[in-house]
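Trainee: I would like to learn how strands, helices and ring contacts are read from a set of coordinates. Could we work through one example together?

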Amino acid sequence: MTAELIERLRGEVAGPVLAPGDDGFADEVSGFNLAVTHSPELVVGITSEADAEAIVRAAAQSGTPVRVLATGHGLPIPVTDGILVTTSRLKGVTVDPETKVAHINAGSVWGEVISAGAEHGLAPITGASDVVGCIGYTLGGGLGPLARTYGFSSDWARGFRVVTAGGVVTASATENADLFWALRGGKGGFGIVTAMDFELVELSTLYGGSVFFDADQIAPVLSAWAEWTATPPETANSSVVILRLPPLEFIPAPLRGKTVLSVRFAFVGDAAEGQQLFQPIRDAGPTLIDTVGEMPASDIALIHNDPKDPTPSWDRGLMLTGVDADFVAAFLDAVGPAQQVPLVAVEIRHLGGATERDVPEGSAVGGRGGAYTLTMIGVPDPSLFEMVLPATVDGVLAKLKPWISAETTVNFAGGFALPGSYEGSWPASTFARLAELRTTYDPNKLFPYGP
């Protein structure tokens with residue numbers, strides 16, 4: 001990184017331009033996952049699309065690679081060279097209640113869109129957490145609590161503003177349609193996305209929440225849930241997670257220090273119908289906590305109640321072809337309450353429904369054939385991240401091999417740590433077309449992507 005390039009950017013960019021050793025550098029490169037330490041040659045915080053244009057022009061002329069950091073939920077591989085662009089200052093969400101479209105700037109998180117939409121009785125098809133960045137999540141497709149009902153989040157993207165190596169472009173169904181196709185599920189390697197137009201749905205209430213069962217109920221409840229997922233309508237969404245919770249004060253007393261099973265539920269429709277649909281889960285065993293009921297759609301993040309504060313984290317994810325009684329037995333043998341495994345959460349989400357259907361014009365989303373997702377989250381101890389947790393997951397996956405899908409979706413690929421997860425994140429034809437489009441829009445690999 002030359003001094004001339006640094007000075008040029010400091011003269012052309014309104015946001016901070018920081019080199020290693022500068023005050024504020026460490027904070028600027030820090031993301032949600034505190035176990036990932038980025039050490040780029042330069043970090044630049046953009047405040048506008050013009051800032052992004054200036055960075056790309058300078059980087060293209062100097063042959064310097066460019067990567068993007070929003071909240072840091074989806075960047076598990078440390079950046080060690082080039083320019084890291086941070087988007088946290090480029091915030092702002094506006095909603096047009098007539099078209100039901102939200103204009104979302106690159107630094108915005110889902111909570112901002114949820115709040116803006118709720119004022120008009122509208123809701124985004126968002127992820128489980130409201131502190132995740134909207135853009136990076138959507139570029140990878142995105143599977144949230146309402147996926148069976150409404151599909152992948154990227155299905156609702158209506159346009160992007162992108163600073164490519166060749167300049168600023170709009171990508172939509174009618175303008176640069178090939179890039180629009182790629183950005184709905186193809187993830188990275190095309191440019192800096194500075195804004196997104198995203199259609200919202202008319203939704204003000206849900207019947208949803210979480211119910212928790214003690215360790216001795218995990219086997220019967222998990223069996224009941226697996227059988228139950230064969231029958232619900234697309235309006236019913238659910239997941240289960242085995243949680244190994246520490247004895248800490250902020251954890252509700254009935255769960256503190258226990259291994260428990262949580263069943264999450266989100267139903268779009270009449271509350272009485274939702275209650276009837278969910279009753280077999282309630283009947284499966286005595287509960288510790290039951291929060292399932294009618295709720296504002298704006299409270300959707302409470303269903304999963306994911307952590308909001310940065311923490312060291314380690315996870316692996318993939319898709320499953322199905323779950324049956326044999327799967328449940330193998331799953332409990334691998335990660336059930338009788339096993340001593342360093343996994344704080346092991347989650348299965350039920351898919352199908354709208355996730356199986358592509359948008360009419362087509363998109364690059366991978367994993368539409370997956371019936372369930374499986375995510376394993378390690379205990380937040382970085383000393384275990386390099387050896388112990390990968391070995392643990394290898395052992396779990398060996399026991400679950402008959403149910404592991406050959407395909408996955410990129411947001412669950414965990415930095416492509418599992419063999420074949422990069423190529424497996426998309427169908428072969430989609431993978432090939434994405435590679436061609438990356439060459440078209442970024443012929444000199446200014447925006448590196450992939451393992």
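Mentor: We shall take the sheets, then the aromatic contacts, then the helices. Please keep in mind that this is a predicted model.

Trainee: What holds the strands of a sheet together, in general terms?

Mentor: Strands of a sheet pair through backbone hydrogen bonds, and the pairing is either parallel or antiparallel. In this structure, strand β4 (residues 83–86) shows the parallel case: four bridges link strand β2 (residues 42–45) to β4 in the parallel sense. Strand β3 (residues 66–69) also runs parallel to β4, and four bridges join the two.

Trainee: Which residue in β4 is the bridge partner of leucine 42, and which residue stands opposite leucine 69?

Mentor: Leucine 42 has isoleucine 83 as its bridge partner in β4. Leucine 69 faces threonine 86 in β4.

Trainee: Which way do the residues of β4 point, and are they buried or exposed?

Mentor: Ile83 and Val85 point one way from β4, while Leu84 and Thr86 point the other way; all are buried.

Trainee: Where may I study the antiparallel sense?

Mentor: Consider strand β19 (residues 372–378). Strand β17 (residues 315–320) runs antiparallel to β19, with six bridges between them, and aspartate 315 stands opposite isoleucine 377. Strand β18 (residues 343–350) pairs with β19 in the antiparallel sense over seven bridges, and here glutamate 347 is opposite threonine 375.

Trainee: How many of the seven residues of β19 are buried?

Mentor: Six of the seven are buried, which makes β19 a mostly covered strand.

Trainee: How is a whole sheet described?

Mentor: One gives the order of its strands and the sense of their pairing. An open sheet of five strands here has the order β5-β6-β10-β8-β9, with antiparallel pairing. β5 (93–96) and β9 (167–171) stand at the edges with a single partner strand each, so each has one side without a neighbour in the sheet. On average, neighbouring strands of this sheet are turned by 15 degrees against each other, direction ignored.

Trainee: How many bridges join β8 to β9, and which residue in β9 is the partner of arginine 161?

Mentor: Strand β8 (residues 157–164) and β9 run antiparallel and are joined by five bridges. Arginine 161 has threonine 170 in β9 as its bridge partner.

Trainee: Which strands of the sheet does helix α3 touch?

Mentor: Helix α3 (residues 49–62) packs on the sheet and touches β8, β9 and β10, its direction making about 45 degrees with that of β8. Helix α4 packs on the sheet as well, touching β5, β6 (101–105) and β10; its direction makes about 35 degrees with that of β5.

Trainee: How should I read a contact between aromatic rings?

Mentor: One reads the distance between ring centres together with the angle between the ring planes. The count here comes to 14 aromatic pairs. One of them joins tryptophan 110 and tyrosine 137, edge-to-face, at 5.8 Å centre to centre and 85 degrees between the planes. Tryptophan 110 belongs to helix α4 (residues 110–118) and tyrosine 137 to helix α5 (residues 134–139), so this pair ties together parts that are 27 residues apart in sequence. Both tryptophan 110 and tyrosine 137 are buried.

Tryptophan 110 also forms an edge-to-face pair with phenylalanine 198, at 5.2 Å and 65 degrees. Because phenylalanine 198 lies in strand β10 (residues 192–199) and tryptophan 110 in α4, this pair ties together parts that are 88 residues apart in sequence. Phenylalanine 198 is buried, as is tryptophan 110.

Trainee: Which residues lie over the faces of tryptophan 181 and tryptophan 426?

Mentor: Arginine 433 lies over the face of tryptophan 181, at 3.9 Å from the ring centre. Arginine 438 lies over that of tryptophan 426, at 6.0 Å.

Trainee: How does one describe two helices that cross?

Mentor: One reports the approach of the axes, the angle, the handedness and the residues that meet. The axes of helix α8 (residues 218–228) and helix α11 (residues 325–335) come within 10 Å and cross at roughly 145 degrees. The crossing of α8 and α11 is right-handed. Ile218, Ala219, Leu222, Ser223 and Ala226 of α8 meet Val328, Phe331 and Leu332 of α11.

Trainee: Is alanine 330 buried or exposed?

Mentor: Alanine 330, in helix α11, has 14% relative accessibility and therefore counts as buried. Leaving aside residues up to four places away in sequence, alanine 330 touches Lys399, Leu400 and Trp403.

Note on methods. Residues are numbered from 1 along each chain as its sequence is written. This is a predicted model: local features need pLDDT of at least 70, side-chain atom pairs count only at pLDDT 80 or more; totals for chains, interfaces and linings use all residues. Side-chain values use heavy atoms; hydrogens and water are left out. Buried means under 20% relative accessible area, exposed over 50%, partly exposed in between (1.4 Å probe, protein chains only). Two strands pair if DSSP finds at least two bridges between them. Rings of Phe, Tyr and Trp (its six-membered ring) pair if their centres lie within 6.5 Å; planes under 30 degrees apart count as stacked, over 60 as edge-to-face and the rest as tilted. A charge sits over a ring if NZ of Lys or CZ of Arg is within 6 Å of the ring centre and within 35 degrees of the ring normal. Axes are lines fitted to C-alpha atoms, for helices over the stretch in contact, and angles run from 0 to 180 degrees between N-to-C directions. A crossing is left-handed if the near helix is turned anticlockwise from the far one by less than a right angle, and right-handed if clockwise. Contact means heavy atoms within 4.5 Å.
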